[in-house]
Amino acid sequence: MQEGWHPTKGEPRILPIYQSTTFKYDTSEQMARLFDLKDSGYFYTRLQNPTNDTVAAKITALEGGVAGMLTSSGQAANFYAVFNVCETGDHFVCASTIYGGTYNLFGITMKKFGIECTFVDADADEETISAAFRPNTKALFGETVTNPGVTVLDIEKFARIAHRHGVPLIVDNTFPTPINCRPFEWGADIVTHSTTKYMDGHATSVGGAIVDSGNFDWDAYGDKFHGLTTPDPSYHGLTYTKAFGKAAFITKATAQLMRDMGSIQSPFDAFLLNLGLETLHLRMQRHCENAQKVAEYLAANPKIAWINYSGLKTDKYHALAEKYMPNGTCGVIAFATKGSREASLRFIDHLKMIAIVTHVADARSCVLHPASHTHRQLSDEQLREAGVAPDLIRLSVGIENVGDIIADIEQALQYIN
Ligand SMILES: *Cc1c(COP(=O)(O)O)cnc(C)c1O
């Protein structure tokens, strides 16, 4: 994937790491124009850096968006994406089956900012989900393929609901990546990523990204999105939609949120992310091929209690996956061994090649028991709401030889009856 970096005569073939906090100008006037947003140019890496921008441009191209930015983590990306349109007294609606970290951020931490989130069952009908909307609702949020339940979002349904209520649909597209799904083509307005996962792909760097489709008409809703459509006193009274058109959302998130909160990705991490992105299309294909074979193996094994993988024809989300991700979803499988939670843990402890790590979606196969690990802070009821069964094992199928992966699973299954 060569988008983003376009070297010309004699320039480096590979994107350089602009490992510089700052950028030099010849006159004080030149610098002043940058701060007034009258000229574009780099001045301080907390706001923008050429390495980061090049990588953001690559992700933007992959998603088919108009503008994008990198953040220091997926958490920062999701926080900025929502906080860019919500402030104290506002409300947003979110699918309940999202990643545990996001669930905590939205349900608990953002509440302390005076922003309320209502979690809804993503599989409910349009009327039921619509009932969660209020006059102060500013966004609808969901994950294309959820972590760790691997359920599939009906993006078109969510887009219809969001747009009927005059709010943007924000979709966390971390698991399928734009290689397997481009949510903008189905009506999503903003896409976020934890680039920590498949995009980096090698478990080297925590990072995030936000991409704007440019499709949501902020000005069409009066002052509902006044942060974008009325003058920003912290930027000389500039109005983002007027000054930046389709790039308004990302410009505001950069000029305001990144400036003030500073969750920038380091240029070195962005460089590593870029290397990952160059092979993303190959890796995703292999992840999906391997996961399909592993899922079929598990589904046919009598020691397995249940399995969620939308590549299986019997899976509840197979039809949605076929529609939105005909080339496969991702390499993550959720399943449980028979004999309850203890058996699941015994199985995990006997895996050899497949490592127990708090990670998912990288080149090496890994495994986690969310109820004991990532989702430990959630109550049983919250676990159920989040689609995390107490016995759920999250298996992230890597790009190794699939025979080796299955052999490891097979030997570990011997330790449960
Ligand atoms: C991991 C993850 C996040 C959080 O990303 P970090 O980079 O760990 O901050 C958000 N959403 C999804 C779907 C994830 O898998």
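By class, the residues lining the second largest pocket of this predicted model break down into 16 polar, 5 nonpolar and 4 charged. That makes a lining of 25 residues, and those nearest the pocket's centre are Gln75, Tyr99, Asn147, Ser194 and Lys197. The pocket holds about 360 Å³ of space. Three elements, helix 3, helix 4 (100–109) and strand 6 (190–194), each put at least two residues into this lining.

This pocket has an occupant: the space taken by the ligand is the second largest pocket. Around the ligand sit 16 residues, with Asn147, Asp172, Ser194, Thr196 and Lys197 the closest. Asn147, Ser194 and Lys197 are also among the residues nearest the centre of the pocket. Sorted by class, the shell around the ligand counts 10 polar residues, along with 3 nonpolar and 3 charged ones. Helix 3, which spans residues 74–83, gives the largest share of that shell, 3 residues.

Polar contacts to the ligand come from several of these side chains. On the nitrogen side, an N or O atom in the side chain of Asp172 is 2.6 Å from a nitrogen atom of the ligand. The side chain of Thr196 has an N or O atom 2.6 Å from an oxygen atom of the ligand. Lys197 joins in as well, with a polar side-chain atom 2.6 Å from a ligand oxygen. As for how much of the ligand is covered, the molecule taken alone exposes 380 Å², and the protein buries 93% of that.

Asn147 turns up again in the backbone. A cis peptide bond joins Asn147 to Pro148, with omega at about 10 degrees. Pro148 belongs to the loop that runs between strand 4 (137–143) and helix 6 (155–164). That loop, between strand 4 and helix 6, also contains Val150. Val150 has a phi near 50 degrees, a positive value in a residue that is not glycine. As a rule, most peptide bonds are trans, and most residues other than glycine have a negative phi.

Then there is the largest pocket, with about 580 Å³ of space. Its lining takes in 27 residues, and Ser40, Gln48, Asp53, Thr251 and Thr254 lie nearest the centre. The elements giving two or more residues to this lining are helix 2 (50–63), strand 1 (67–71) and helix 10 (248–261). Of the elements, helix 10 gives the most, with 5 residues. By class, the lining of the largest pocket has 18 nonpolar residues, 7 polar ones and 2 charged ones. For the second largest pocket, where the ligand sits, the corresponding counts are 5 nonpolar, 16 polar and 4 charged.

Conventions:
Residues are numbered from 1 along each chain as its sequence is written. This is a predicted model: local features need pLDDT of at least 70, side-chain atom pairs count only at pLDDT 80 or more; totals for chains, interfaces and linings use all residues. Side-chain values use heavy atoms; hydrogens and water are left out. A residue is near a molecule or strand if one of its heavy atoms lies within 4 Å of it. A polar contact is a pair of N or O atoms within 3.5 Å; within protein, one must be able to donate a hydrogen and the other to accept it, and residues adjacent in sequence count only if both atoms are side-chain atoms. Accessible areas come from the Shrake-Rupley method with a 1.4 Å probe; for residues, only the protein chains shown count as cover. On a 1 Å grid over the protein atoms alone, a cavity is a set of points where a 1.4 Å probe fits but cannot get out, and a pocket is an open set with protein on both sides within 12 Å along at least five of seven lines; lining residues have an atom within 4 Å of a point. A molecule sits in a cavity or pocket if more than half of its atoms lie within 2 Å of its grid points. Helices (H or I, at least four residues) and strands (E, at least two) are DSSP runs, numbered from the N terminus. Ala, Val, Leu, Ile, Met, Phe, Trp, Tyr, Cys and Pro count as nonpolar, Asp, Glu, Lys and Arg as charged, and the others, Gly among them, as polar. Grid points are joined across faces, edges and corners, and a volume is the space filled by probe spheres set on the points.
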